[in-house]
Amino acid sequence: MNVLICEPSLYQLDALYSGLINALTSRGREALVFRFSGEQALEEYLAVSPDPPDIIFLPLQLAQLHTLRASLKSRYPETRLVLTGAPPDDIEELFAMGALYFLYKPLREGSMNRFASFLSSNAQEKAERHLLLKEKQQQTVIPYSKILYIASDKRKISVHQPNGVCSEGYRKLDDAQEELDGRFVRCHQSFLVNMDYIRGITEEGFQLVGDISVPISQKRYWASKRQYVEYIKSRG
């Protein structure tokens, strides 16, 4: 795991660094942790580093700079932000910025241990899961992340992937929906869509990567749109 800590206060920087190292080490987790005393030093490192960071610690006031946040998100879409600072006036702002976690300054006793526990739990939840399809004597296992959308036809479902591959199996769409996680939206009686691949929405349907359109039923339109908007907000 590659972690970057940006903090202008040298005292807080040392506290974050040592606290994180100790908390991760006590759980048997390894990490490369780099520390920077300001935005410029962080940017200089990112300009030459070949490895994308897994986590960046940023003071809330820096994260509130839209240009910096947009730049980081554009370059490192999978990088997660941990924000630090005084309690914000608007908690919802943290979610809008895509914060994975918030640490109050100055650090409280046990703060880093609680964060390390959260990180371990979050990593387990994010571990890749798979959907199992069965058809006659054949079984197909498809990672959730590789599912573009799922369509149903009577007793069978077809799982479409971004690479154009389509796999079929005997399974109810309701059962598949119960198994899948929160990245999937049921926009139609016969369709489930992976929201990670949505590029737009109209009154007719979701527009997916590859100029693919999946219909949204009138009955499910507002619920599907609301779920999609909330999902986008949760990702920053």
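## Aromatic rings

Two rings of Phe, Tyr or Trp (its six-membered ring) count as a pair if their centres lie within 6.5 Å. Ring pairs of that kind link F57, Y101, F115 and F118 into a cluster. Keep in mind that what you are looking at is a predicted model. In total, the structure holds 10 aromatic pairs.

Take Y149 and F191, for instance: their rings sit 6.2 Å apart, centre to centre, with 45 degrees between the planes, so the pair goes down as tilted. This pair links distant parts of the chain, with Y149 in strand β8 (residues 149–153) and F191 in strand β12 (residues 191–194), 42 residues apart. Y149 and F191 are both buried.

Y221 and W222 make another pair, this one edge-to-face, with 5.1 Å between the centres and 80 degrees between the planes. The two partners are not alike in their exposure. Y221 has a relative accessibility of 13%, so it counts as buried. W222 comes out at 57%, and therefore counts as exposed.

## Charges over rings

Two tyrosines turn up here with a basic side chain over the ring. R35 lies over the face of Y17, at 3.8 Å from the ring centre. K156 does likewise with Y170, at 5.3 Å from the centre of that ring.

## Cysteines

How many disulfides are there? The count is 0. C166 is in no disulfide, and the nearest cysteine sulfur to it, that of C187, is 16 Å away. A disulfide would need the two sulfur atoms within 2.5 Å, so this pair doesn't qualify. Looked at from the other end, C187 is in no disulfide either, with the sulfur of C166 as its nearest at 16 Å.

Are these two cysteines buried or exposed? C166 counts as partly exposed because its relative accessibility is 39%. C187, on the other hand, has a relative accessible area of 0%, so it is buried.

## A cis proline and the helix residue touching it

A cis peptide bond joins K105 and P106, with omega at about 0 degrees. P106 belongs to the loop between β5 (99–104) and α6 (111–126).

Both residues of that cis bond show up again in the contacts of Q12. Setting aside residues up to four places away in sequence, Q12 touches E7, K105, P106 and L107. Q12 itself is part of helix α1 (residues 10–26). With a relative accessible area of 11%, Q12 is buried, because the cut-off for that is under 20%.

## A buried threonine in a loop

Now for T79, which you'll find in the loop between α4 (66–75) and β4 (80–85). Is T79 buried or exposed? Its relative accessibility is 17%, so it counts as buried.

What does T79 touch? Apart from its neighbours within four places in sequence, T79 is in contact with P53, D54, I55 and I56. P53 is worth a closer look: its backbone oxygen lies 2.5 Å from a polar atom of the T79 side chain.

## Positive phi away from glycine

K154 has a positive phi, near 60 degrees, in a residue other than glycine. K154 is found in the loop between β8 and β9 (156–160). The relative accessible area of K154 is 80%, so this lysine is exposed.

D211 is another such case: not a glycine, yet with a positive phi of about 60 degrees. Its place is the loop between β14 (205–208) and β15 (212–215). D211 is exposed too, because its relative accessible area is 80%.

## The β6–β7 hairpin

Strand β6 (residues 130–135) and strand β7 (residues 138–143) run antiparallel, joined by 6 bridges. Which residue of β7 is the bridge partner of E135? That partner is Q138.

The hairpin has 2 residues between the strands, and K136 takes a positive phi near 60 degrees there.

Notes: Residues are numbered from 1 along each chain as its sequence is written. This is a predicted model: local features need pLDDT of at least 70, side-chain atom pairs count only at pLDDT 80 or more; totals for chains, interfaces and linings use all residues. Side-chain values use heavy atoms; hydrogens and water are left out. Helices (H or I, at least four residues) and strands (E, at least two) are DSSP runs, numbered from the N terminus. Buried means under 20% relative accessible area, exposed over 50%, partly exposed in between (1.4 Å probe, protein chains only). A polar contact is a pair of N or O atoms within 3.5 Å; within protein, one must be able to donate a hydrogen and the other to accept it, and residues adjacent in sequence count only if both atoms are side-chain atoms. Contact means heavy atoms within 4.5 Å. Rings of Phe, Tyr and Trp (its six-membered ring) pair if their centres lie within 6.5 Å; planes under 30 degrees apart count as stacked, over 60 as edge-to-face and the rest as tilted. A charge sits over a ring if NZ of Lys or CZ of Arg is within 6 Å of the ring centre and within 35 degrees of the ring normal. Two strands pair if DSSP finds at least two bridges between them.
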